[in-house]
Amino acid sequence: SPSQFRRVFVAQCGSSPHDYLLARRVAVAAGLLTTSERSIADIALTVGFSSLSSFNRQFLRRQGCSPRAWRARGGQ
């Protein structure tokens with residue numbers, strides 16, 4: 001069942017499937033921001049965010065800076 005899957009997932013990974021997925025999307029986006037010249041909006045859509053604002057919000061929450069600042073600092 002979905003609830004059983006979530007319980008097992010949280011026990012094994014330490015976060016919900018949704019939080020895990022968001023963290024993976026942001027991690028992939030962080031790599032793309034430092035290794036490509038693609039626009040931030042294009043990267044956001046590529047990694048699975050439906051809007052630039054939700055991408056910016058999640059990126060800031062998880063990386064501690066905006067995607068633009070991340071790119072400017074070279075990923076640090």
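Let me start with Leu-32, which you will find in helix H2 of this predicted model. Leaving aside residues up to four places away in sequence, Leu-32 touches Arg-38, Ile-43, Val-47 and Arg-71. If you go from Leu-32 to Ala-44, you move twelve residues along the sequence, and the two C-alpha atoms lie 9.8 Å apart in space.

Now let me step back to the chain that Leu-32 belongs to. The secondary structure comes to five helices and zero strands, and, read from the N terminus on, the order of the elements is α-α-α-α-α. Taken along the principal axes, the C-alpha atoms fill a box of roughly 40 × 25 × 20 Å. The chain has 76 residues, and 28% of them count as buried. About 4900 Å² of the chain is exposed, with carbon and sulfur atoms supplying 55% of that area. If we take the contacts with a separation of 6 or more, 43% of them are between residues 24 or more positions apart.

Let me turn to helix H1, which covers residues 2-13, and check its length with you. How far should its twelve residues span, at 1.5 Å a residue? The expected span is 16 Å, and because the end C-alpha atoms are in fact 16 Å apart in the model, the two values agree. Just after H1 comes Gly-14, which takes a positive phi of about 85 degrees.

The next topic is the nonpolar interior. As a general point, nonpolar side chains tend to be buried together in soluble globular proteins. In this model the largest nonpolar core has 15 residues, and those with the most contacts inside it are Leu-33, Phe-49, Phe-55, Phe-59 and Trp-70. Helices H2, H3 (40-46) and H4 each supply at least two residues of this core, and H2 gives the most to it, with six residues.

I would like to follow one of these core residues, Phe-49, a little further. Again without counting residues up to four places away in sequence, Phe-49 touches Leu-22, Arg-25, Val-26, Ala-44, Ser-54, Phe-55 and Gln-58. The last name in that list, Gln-58, lies in helix H4. Is Gln-58 buried or exposed? Its relative accessible area is 14%, and since buried means under 20%, Gln-58 counts as buried. Under that rule about sequence neighbours, Gln-58 touches Leu-22, Val-26 and Phe-49.

From here we can move along H4 to Arg-62, which is also found in that helix, and which brings us to charged pairs. In general, side chains of opposite charge can pair when their charged atoms come close. How many salt bridges does the structure hold? There are two, and I will take them in turn.

In one salt bridge, the side chains of Arg-62 and Asp-19 meet at 3.8 Å, N to O. This pair links distant parts of the chain, with Arg-62 in helix H4 (residues 52-63) and Asp-19 in helix H2 (residues 17-35), 43 residues apart. Arg-62 is partly exposed at 26% relative accessible area, and Asp-19 is partly exposed as well, at 33%. Beyond its partner Asp-19, the contacts of Arg-62 include Leu-22, Ala-23 and Val-26, where residues up to four places away in sequence are not counted. For a sense of distance in the other direction, Arg-62 and Val-8 are 54 residues apart in sequence, and their C-alpha atoms are 24 Å apart in space.

The other salt bridge joins Arg-38 and Asp-42, whose closest N and O atoms are 2.8 Å apart. Arg-38 is partly exposed, with a relative accessible area of 32%, and Asp-42 is partly exposed, with 33%. You may remember Arg-38 from the beginning, where it appeared among the residues that Leu-32 touches.

Finally, a word about cysteines. A disulfide is, in general, a covalent bond between the sulfur atoms of two cysteines. How many disulfides does a search of the whole structure find? The search finds zero. As for the cysteines themselves, Cys-13 counts as partly exposed at 42% relative accessibility, whereas Cys-65 counts as buried at 6%.

Notes:
Residues numbered from 1 in each chain as written. Predicted model: local features only at pLDDT ≥ 70, side-chain atom pairs only at ≥ 80, totals over all residues. Heavy atoms only, no water. Salt bridge = Lys/Arg side-chain N within 4 Å of Asp/Glu carboxyl O. Helix = DSSP H or I, 4+ residues; strand = E, 2+ residues; numbered from the N terminus. Buried < 20%, exposed > 50% of the residue type's maximum accessible area, 1.4 Å probe, protein only. Expected span 1.5 Å × (residues − 1). Disulfide = S-S within 2.5 Å. Core = buried A, V, L, I, M, F, W, Y, C linked by side-chain atoms within 4.5 Å. Contact = heavy atoms within 4.5 Å. Areas by Shrake-Rupley, 256 points an atom, 1.4 Å probe, with all protein chains shown as cover.
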